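Biologist: I would like to learn how to read a few structural features. Could we work through one example together?

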Amino acid sequence: MLVEKRNSEVHLRPRFSIAIEENSEKLLQRITNYLNKHDCIYNNKIVDGHVFLDIPESKSHFWSPQLHLEVIKNTKKTAILKGLFGPKPQVWTLFMFIHFLLITAFLGFLILLYTRITLEEDIFFPSAMLIVIPFIWVLLYFLGQVGKEIGRKQMKELHEFILSIIDSH
């Protein structure tokens, strides 16, 4: 019997956790064997108890998700499989870079506003930018939500695939 817990749908990177009555090493080995023996269409990489599953290149698009699985030892006979859906690392890096630029610009315009107030100069431009930048952040959040919605079908596909491996026991 599988007990699955999921986080809120608000998160850009949905997570789930499944308690499994199987030794963690055996579970990881079974997942590894399944991915290696069967003609697995998903690109996969396994590193130290972490499994990364990607949509195949032929079906992949900008918003295609990646599933990161971690097998955690709970007791000698039980394990917890934690899953994290996220964008491909390149997309995630791009979003983080844009956020870094925005926070840097926000702080820069905040300093410029303070300087202009101190020098009693025109404050329209830095004030306007301090209003525009948060709107860009909100726009990025909704863009991420749109991307998650576009990749939802593939997220479900990856989730069902990993459940089929677990159920094959």
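Modeller: We will go through ring pairs, strands, a helix crossing and unusual backbone angles in this predicted model.

Biologist: Let us start with the rings. How many aromatic pairs does a search of the whole structure find?

Modeller: The general idea first. A pair of aromatic rings is described by the distance of the centres and the angle of the planes. Here the search finds eight aromatic pairs. One of them is Phe16 with Phe85, at 5.7 Å centre to centre and 45° between the planes. That pair is tilted.

Biologist: Where in the chain do Phe16 and Phe85 sit?

Modeller: Phe16 belongs to strand E2 (residues 15–20), and Phe85 to strand E6 (residues 79–87). They are 69 residues apart, so the pair links distant parts of the chain. Both Phe16 and Phe85 are buried.

Biologist: Why does the pair of Tyr141 and Phe142 count as edge-to-face?

Modeller: Because their planes stand at 75°, and over 60 counts as edge-to-face. The ring centres are 5.5 Å apart. Tyr141 is partly exposed, with 34% relative accessible area.

Biologist: Which residues do ring pairs link into a cluster?

Modeller: Tyr34, Tyr42 and Phe161. Keep Tyr34 and Phe161 in mind for the helices.

Biologist: Strands next. Which side chains of E4 are buried, and which are not?

Modeller: In a regular strand the side chains alternate between the two faces of the sheet. Strand E4 (residues 50–54) shows this alternation. Val51 and Leu53 point to one face and are buried. His50, Phe52 and Asp54 point to the other face and are not buried.

Biologist: Which strands does E4 pair with, and in what sense?

Modeller: Strand E3 (residues 43–47) pairs with E4 in the antiparallel sense, over five bridges. Val47 has His50 as its bridge partner there. E4 is also joined to strand E5 (residues 65–73) by five bridges, again antiparallel. On that side His50 stands opposite Glu70, and Phe52 has His68 as its bridge partner.

Biologist: And what lies beyond E5?

Modeller: E6, running antiparallel to E5 and joined to it by nine bridges. His68 stands opposite Leu84 in E6. E5 and E6 form a hairpin with five residues between them.

Biologist: Now the helices. At what angle do the axes of H1 and H4 cross?

Modeller: At roughly 115°, with the axes of H1 (residues 24–37) and H4 (residues 152–167) coming within 10 Å. That makes H1 roughly perpendicular to H4. The crossing is right-handed.

Biologist: Which residues make the contact?

Modeller: From H1, Arg30, Ile31, Tyr34 and Leu35. From H4, Phe161, Ser164, Ile165 and Ile166. Tyr34 and Phe161 are also members of the ring cluster.

Biologist: Last topic: backbone angles. What sign of phi does Asp48 have?

Modeller: Most residues other than glycine have a negative phi, and most peptide bonds are trans. Asp48 is not a glycine, yet its phi is positive, about 45°. Asp48 is found in the loop between E3 and E4. That hairpin has two residues between the strands. Asp48 is exposed, at 74% relative accessibility.

Biologist: Where is Glu120, and is it buried or exposed?

Modeller: Glu120 lies in the loop between helix H2 (89–118) and helix H3 (124–150). Its relative accessible area is 73%, so Glu120 is exposed. Glu120 has a positive phi of about 55°, although it is not a glycine.

Technical notes
Residues numbered from 1 in each chain as written. Predicted model: local features only at pLDDT ≥ 70, side-chain atom pairs only at ≥ 80, totals over all residues. Heavy atoms only, no water. Phe/Tyr/Trp six-rings, centres within 6.5 Å; stacked < 30°, edge-to-face > 60°. Helix = DSSP H or I, 4+ residues; strand = E, 2+ residues; numbered from the N terminus. Buried < 20%, exposed > 50% of the residue type's maximum accessible area, 1.4 Å probe, protein only. Pairing = 2+ DSSP bridges. Axes fitted to C-alpha atoms, helices over the stretch in contact; angles between N-to-C directions. Parallel < 35°, antiparallel > 145°, perpendicular 65-115°, else oblique. Left-handed = near helix turned anticlockwise from the far one by under 90°. Contact = heavy atoms within 4.5 Å.
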